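Here is a short report on one structure. Look it over, then read on.

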Amino acid sequence: MRSPKDFFAPLAVGAPDPPRQIPVLPSRMIHFFDPGNEKMATKVPGIAPQVDVLLGNLEDAIRADRKEAARNGLVRIAKSVDFGRTQLWTRVNSLDSPWVLDDLITLVTEIGDRLDVIMVPKVEGAQDIHYVDRLLAQLEARAGLTRPLLVHAILETASGVANVEEIAGASPRMQGISLGPADLAASRRMKTTRVGGGHPGYLVRTDPVGEELDEGRTTYQQDLWHYTVARMVDACAMHGILPYYGPFGDIRDTVACEDQFRNAFLLGCVGAWSLHPAQIEIAKKVFSPAPRDVAWARKVIGAMGDGTGAVMIEGKMQDDASVKQCRVVAELADALAARDPELAEAYDAATEEALAE
Ligand SMILES: CC(=O)SCCNC(=O)CCNC(=O)[C@H](O)C(C)(C)COP(=O)(O)OP(=O)(O)OC[C@H]1O[C@@H](n2cnc3c(N)ncnc32)[C@H](O)[C@@H]1OP(=O)(O)O
Ligand SMILES: CC(=O)C(=O)O
Ligand SMILES: [Mg+2]
């Protein structure tokens with residue numbers, strides 16, 4: 001019988017030990033591609049060095065009669081392409097679909113040693129993660145894998161949001177959670193018809209001046225996703241896993257995409273999905289801290305010594321809590337700079353300038 005003490009014990013004889021810590025690797029953009037689409041597949045080797053995560057999508061956006069082609073395409077690509085340090089993820093079909101069992105059996109058996117993370121859509125509660133967890137352990141044991149696969153849940157059902165804390169803590173394999181605004185909107189019976197982003201009708205309006213109700217009243221569009229993203233971030237932080245904003249469907253609107261990504265970044269998300277090559281650079285820009293913020297963070301950390309007490313820098317009080325925030329930014333910058341010499345140079349130049357001021 002399993003007790004809570006067995007949380008980190010393998011769920012099948014011969015399966016690798018589940019991870020004790022989730023690796024915090026750069027994952028600013030999870031780039032989606034259809035592995036059964038020849039044109040997209042040929043672009044994968046060229047895109048791999050530009051992105052942190054490549055994800056072979058098998059679920060929504062893949063036609064029912066192309067599901068097998070996508071699955072087989074992913075196996076072929078995973079076996080033949082050198083991804084370097086770029087992670088390879090997949091999104092399998094939903095747990096109630098006719099495809100998911102074959103997705104998991106084929107992928108773990110054929111390319112389980114190449115895959116890093118399996119994204120599970122439409123997760124409703126911990127029971128969905130427990131099912132995948134056990135099945136993965138059985139398949140890993142059969143395939144002789146020595147490294148456990150990680151699991152990522154999409155938050156895209158009303159019950160998933162209600163159960164987000166238990167989902168985040170359902171298994172040591174849980175790597176992270178992404179917001180799925182399109183299915184979530186449908187599940188909640190929201191009256192939007194978009195994939196992520198805001199809506200001009202969701203707003204607040206200033207009070208009327210005098211008797212005139214129609215004039216001089218400014219409106220401010222509100223963020224439809226604030227509550228869900230904030231809840232997801234808290235659930236992930238509580239369980240030591242990583243939160244992500246999901247897709248932004250208006251590919252043409254690069255400006256609003258950047259805004260949506262930045263809101264998520266500021267609230268604690270580590271990355272977002274790129275659905276089209278045009279969104280890769282947006283995610284890279286937004287989810288890499290700005291050089292001036294890195295310079296400021298390093299300056300505060302330097303001035304705070306052992307991190308206790310209070311100091312004044314440029315008129316702003318700094319203490320234990322602000323230095324902790326600065327460490328979050330500086331540590332992320334260091335991790336990204338270790339892989340990206342251009343960023344490293346930009347961070348160092350900005351820091352030198354800030355320290356000279
Ligand atoms: C709600 C959700 O579940 S979101 C997640 C599911 N959705 C997805 O995964 C969608 C992934 N993206 C796509 O399918 C496509 O980008 C689409 C359908 C949105 C647009 O595709 P297109 O109409 O071909 O766009 P466009 O003409 O601008 O593409 C330009 C080039 O980039 C390629 N391209 C487009 N998207 C991608 C991609 N995600 N990865 C790699 N290459 C891509 C196209 O094949 C095209 O190549 P070409 O220049 O050789 O012809
Ligand atoms: C991301 C996703 O699957 C959705 O928005 O529905
Ligand atoms: Mg969805």
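Which residues have the most contacts inside the largest nonpolar core? They are V120, A153, L155, M232 and A272, in a core of 74 residues.

This is a predicted model: local features need pLDDT of at least 70, side-chain atom pairs count only at pLDDT 80 or more, and totals for chains, interfaces and linings use all residues. Residues are numbered from 1 along each chain as its sequence is written, and chains are lettered from A and ligands numbered from 1 in the order in which they are written.

A nonpolar core is a set of buried Ala, Val, Leu, Ile, Met, Phe, Trp, Tyr and Cys residues joined through C-beta atoms within 7 Å. Buried means 20 or more other C-beta atoms within 10 Å of the residue's own, with C-beta atoms placed from the backbone.

M232 touches L155, V164, I177, L179 and P243, leaving out residues up to four places away in sequence. Contact here means C-beta atoms, placed from the backbone, within 7 Å. Another core lies apart from the largest one. It has 12 residues, including W296 and Y347.

Now to strand β1, residues 29-33 (strands are DSSP E runs of at least two residues, helices H or I runs of at least four, numbered from the N terminus). Five of its five residues are buried, so β1 is largely enclosed by the rest of the structure. M29, H31 and F33 point one way, I30 and F32 the other.

β1 has these parallel partners (pairing takes at least two DSSP bridges):

| Partner of β1 | Bridges | Opposite residues |
|---|---|---|
| β10 (residues 272-274) | three | H31 and S274 |
| β2 (residues 53-57) | four | F32 and L55 |

From β1 the chain crosses through helix α1 (residues 38-47) to β2. This β-α-β crossover is right-handed: with the strands pointing away from the viewer, the path from the first strand over the helix to the second runs clockwise.

Notes. Two residues are in contact if their C-beta atoms, placed from the backbone, lie within 7 Å.
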